[in-house]
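Work through the following exercises with the sequence and the model at hand. Each task is followed by a solution in steps.

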Amino acid sequence: MSQERTEGDLRNTGLSLKHDREWDYELDRIVSEVKERGATSVGLQFPEGLKRRGPAVVDDLRSELPDDVSVLLSGEHCYGACDLDTDLMRRTDVFVHFGHSPMKESEKIIYVPLFSNVDVFPIMEQAFDEKLDPPGEDEDVGLVTTAQHMNKFDEMREWLEDRGYTVHTRRGDERLTHEGQVLGCNYASADVDADQILYVGGGKFHPLGLAMEHPEKTVVIADPVNNSLDLADSEQFMKQRYAAVHRAMDADTWGVIFSTKIGQGRWETAQEIVESNDDAYMITMDEVTPDRLTNFGLDAYVNTACPRITTDDGPQFKQPILTPQEYRIAVGDESLEDLEFDTFHGTW
């Protein structure tokens with residue numbers, strides 16, 4: 001049964017879903033690509049917060065695709081474009097990854113970034129009034145955002161320029177698809193010639209990492225999703241990391257985690273640690289959780305997989321779990337004063 005569409009409803013840009021939504025799933029493009037490739041099987045992968053939308057997307061695709069095309073949903077965890085369900089990818093002709101921009105192009109993969117239709121300009125106006133230095137005092141500002149708001153990036157830049165700012169942006173490295181884009185593991189796009197950075201996006205993790213990697217800059221958080229405005233303050237976060245490093249200084253045995261996820265493997269980093277420490281043991285795993293590590297009975301762990309495992313989930317682990325640099329600090333190879341946010345560069 002069709003639903004009445006309101007102005008700005010992104011369903012007007014594609015096929016109609018059977019529920020309300022805030023994103024464009026680009027269903028027309030998916031259907032066109034599947035038919036063009038003569039595919040008989042399609043795999044869909046959603047990030048955790050959107051898995052509940054999966055069945056409705058399958059329903060809409062089934063209604064438009066030939067009857068002999070099967071559509072499968074991935075039940076694996078998905079935390080980014082670095083975390084593809086490679087098994088489902090092998091079993092299907094076309095693989096659709098929702099919620100993230102491409103980290104590495106592939107003819108088989110269709111990336112649907114799920115651009116948000118939220119209005120970013122009210123919170124930017126508030127940032128202009130309350131947090132950013134006026135152009136007369138400091139005309140230089142860096143602009144960064146996440147994949148979900150890249151559809152508004154050029155408008156955001158023009159909006160700042162219209163108010164007298166010189167806007168500094170860059171793409172970063174090959175892990176990033178767009179100019180001005182930041183990931184939870186990569187803030188190279190903020191390495192610009194400006195003392196103040198405006199982050200437009202949801203949550204505080206990205207701007208906290210940005211503030212840690214660029215402590216000399218003022219990072220303004222303009223969150224259009226939660227309609228909140230703040231400055232990134234990494235002090236509490238740093239205290240948590242200092243505490244984890246201090247706990248690990250007494251460790252005699254170490255587990256070195258190497259991720260088997262396609263875009264998270266830092267083999268050389270993990271191997272270097274194991275080769276330099278007779279009491280370090282390589283542990284390969286897909287999903288890194290506290291219960292999976294407990295049975296090894298080691299004193300501490302080094303995470304060479306996604307940095308967010310360490311920063312977001314670290315307090316949940318019974319033993320200290322450190323970044324590679326934090327490990328070097330714990331064993332005395334580097335100084336605690338040099339602690340930096342762990343970032344991830346390169347693809348696979």
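**Exercise 1. State how the protein chain is divided into domains, and describe the contact between domain 1 and domain 2.**

Step 1. The protein chain has three parts: domain 1 (18-112), domain 2 (121-231) and domain 3 (236-338). These bounds come from an automatic or database domain assignment.

Step 2. Taken over C-alpha atoms, the centres of domain 1 and domain 2 are 30 Å apart. Domain 1 puts 5 residues into the contact and domain 2 puts in 8 residues, where contact means heavy atoms within 4.5 Å.

A note on the model: it is predicted, so local features need pLDDT of at least 70 and side-chain atom pairs count only at pLDDT 80 or more, while totals for chains, interfaces and linings use all residues. Residues are numbered from 1 along each chain as its sequence is written, and side-chain values use heavy atoms, with hydrogens and water left out.

**Exercise 2. Place strand β8 among its neighbours: which strands pair with β8, and in which sense?**

Step 1. Locate the strand. β8 covers residues 218-223, and 5 of its 6 residues are buried. Strands (E, at least two residues) and helices (H or I, at least four) are DSSP runs, numbered from the N terminus. Buried means under 20% relative accessible area, exposed over 50%, and partly exposed in between, with a 1.4 Å probe and protein chains only.

Step 2. Take the parallel partner. β7 (residues 196-200) pairs with β8 in the parallel sense over 5 bridges; two strands pair if DSSP finds at least two bridges between them. Val-200 is opposite Ala-222 in β8.

Step 3. Take the antiparallel partner. β9 (residues 228-231) and β8 share 4 bridges in the antiparallel sense, and Ala-222 is opposite Leu-229 in β9. The two strands form a hairpin with 4 residues between them, and Asn-227 in the turn has a positive phi of about 55 degrees.

**Exercise 3. Find which elements supply the largest nonpolar core, and where this core lies with respect to the domains.**

Step 1. The largest nonpolar core has 36 residues, and Leu-210 and Trp-254 are among those with the most contacts inside it. A nonpolar core is a set of buried Ala, Val, Leu, Ile, Met, Phe, Trp, Tyr and Cys residues joined through side-chain atoms within 4.5 Å.

Step 2. Elements giving two or more residues to this core include β7, α6, β8, α7 (235-248) and β10 (254-259). The most comes from α7, with 5 residues.

Step 3. This core lies between domain 2 and domain 3, because both give residues to it.

Step 4. Apart from this core lies another, of 23 residues, including Val-31 and Phe-98.

**Exercise 4. Which residues of helix α4 are buried, and which elements do they pack against?**

Step 1. In α4 (residues 121-130), Phe-121, Ile-123, Met-124 and Ala-127 are buried.

Step 2. They lie on the same side of α4, because they cover an arc of only 160 degrees around the axis. The arc is that of the directions from the helix axis to the C-beta atoms.

Step 3. Asp-129 and Glu-130, on the other side of α4, are exposed.

Step 4. The buried residues of α4 pack against α5 (153-162), β7, β8 and β9.

**Exercise 5. Is Thr-146 buried or exposed?**

Step 1. Thr-146 sits in the loop between β5 (140-145) and α5.

Step 2. Its relative accessibility is 8%, so Thr-146 counts as buried.

Step 3. Not counting residues up to four places away in sequence, Thr-146 touches Val-182, Tyr-199, Val-200 and His-206.
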